[in-house]
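Student: I'm new to this one and would like a close look at a single part: the place where helices pack against each other. Could you walk me through it slowly, starting from the whole chain?

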Amino acid sequence: REMADDIVDYTQGLAGAEEVYCNTIHGFCYHLLRNEARLAGGHAAETPVCDEVDCEQILQEIILPHVLARSLPHDRPLTNVNLFHLVSAIKRYRVLYELPRQPGVWHTVFRLLREREPAAFEKLFAFRYKGSYSVDRRLLHEMETHIDALITEYERYLQMEERLDYDDLIIGAWEALQEEPVRQRWLSRCR
């Protein structure tokens, strides 16, 4: 928090202003989404935001057992894979590939990501074994088979718990800014 205060003080000095809004990208997106909800007459309550650790815990302890329990052996935990990074990449690439949110979209993004970004994709499934990195091909196949269910259940859980993750903030703000009135409103506020 002290570093954030230092940044605000420094920015105020540069801008020659008494009051400066200064935040992280996630803080800005959260602020934008709350303000737009308020302007639209919606509920703009404080929505809890899950950080990476929270998201990984939700995926590993709540979502994964329901989605993959029948297909993966119980002696083979997924501790070598950061599910949050996989889910985050797929959620972001859905937007980059301009795909609508619809049934089956997560599997499509998974395949596109594997085809178009193979090095980045394989890093998501790499683990260190005896001093070198390997890709768990069996796990990759299991994830491809169940990715739609995994992300659908994860998003359903966050919605049920009225929580957002960092990707929801960034994607939600980006989608809101695609509307011309919203974009103009925020352009006039930010210099």
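Tutor: Sure, let's start wide and then zoom in. The protein chain has 9 helices and 4 strands, and keep in mind that what you see is a predicted model. Reading from the N terminus, the elements go α-α-β-α-α-α-α-β-β-α-β-α-α. The chain has 191 residues, and 35% of them count as buried. About 12300 Å² of the chain is exposed, with carbon and sulfur atoms supplying 53% of that area. If you take the contacts with a separation of 6 or more, 62% of them join residues 24 or more positions apart.

Now for the part you asked about. Put helix 8, residues 166-176, in the middle of your view, and find helix 4, residues 83-96; the axes of these two come within 10 Å and cross at roughly 5 degrees. An angle under 35 degrees counts as roughly parallel, so helix 4 is roughly parallel to helix 8. On the helix 4 side, the contact is made by Phe84, Ser88, Lys91, Arg92, Arg94 and Val95. Helix 8 answers with Asp167, Asp168, Ile170, Ile171, Trp174 and Glu175. Sort the residues of this contact by class and you get 5 nonpolar, 1 polar and 6 charged.

Next, turn to helix 2, residues 25-39, which also packs on helix 8: here the angle is about 55 degrees and the axes are 9 Å apart. That angle makes helix 2 oblique to helix 8. The crossing of this pair is left-handed. From helix 2, the residues that make the contact are His26, Cys29, Tyr30, Leu32 and Leu33. From helix 8 come Tyr166, Asp168, Leu169, Ile170, Gly172, Ala173 and Ala176. By class, the contact of helix 2 with helix 8 has 9 nonpolar residues, 2 polar and 1 charged. Look back at the two lists for helix 8: Asp168 and Ile170 take part in the contact with helix 4, and Asp168 and Ile170 also turn up in the contact with helix 2.

A strand residue joins the picture too. Valine 49 sits in strand 1, residues 49-50, and is partly exposed, with a relative accessible area of 31%. Leaving out neighbours within four places in sequence, valine 49 is in contact with Tyr30, Asp54, Leu164, Asp165, Tyr166 and Leu169. You've met some of those names already, since Tyr30, Tyr166 and Leu169 belong to the contact of helix 2 with helix 8. Valine 49 and tyrosine 30 are 19 residues apart along the chain, and their C-alpha atoms are separated by 8.9 Å.

For another view, go over to helix 7, residues 137-160, where you'll find glutamate 144. Glutamate 144 is buried, at a relative accessible area of 14%. Not counting residues up to four places away in sequence, glutamate 144 touches His107, Phe110, Arg111 and Arg114. Aspartate 148 is also in helix 7, but aspartate 148 is partly exposed, with a relative accessible area of 22%. With neighbours within four places set aside, the contacts of aspartate 148 are Gly104, Val105, Trp106 and His107. So His107 is a name to look for twice: glutamate 144 touches His107, and aspartate 148 is in contact with His107 as well. Finally, aspartate 148 and valine 67 lie 81 residues apart in sequence, yet 9.7 Å apart in space, C-alpha to C-alpha.

How values were computed: Residues numbered from 1 in each chain as written. Predicted model: local features only at pLDDT ≥ 70, side-chain atom pairs only at ≥ 80, totals over all residues. Heavy atoms only, no water. Buried < 20%, exposed > 50% of the residue type's maximum accessible area, 1.4 Å probe, protein only. Contact = heavy atoms within 4.5 Å. Areas by Shrake-Rupley, 256 points an atom, 1.4 Å probe, with all protein chains shown as cover. Axes fitted to C-alpha atoms, helices over the stretch in contact; angles between N-to-C directions. Parallel < 35°, antiparallel > 145°, perpendicular 65-115°, else oblique. Nonpolar A, V, L, I, M, F, W, Y, C, P; charged D, E, K, R; others polar. Left-handed = near helix turned anticlockwise from the far one by under 90°.
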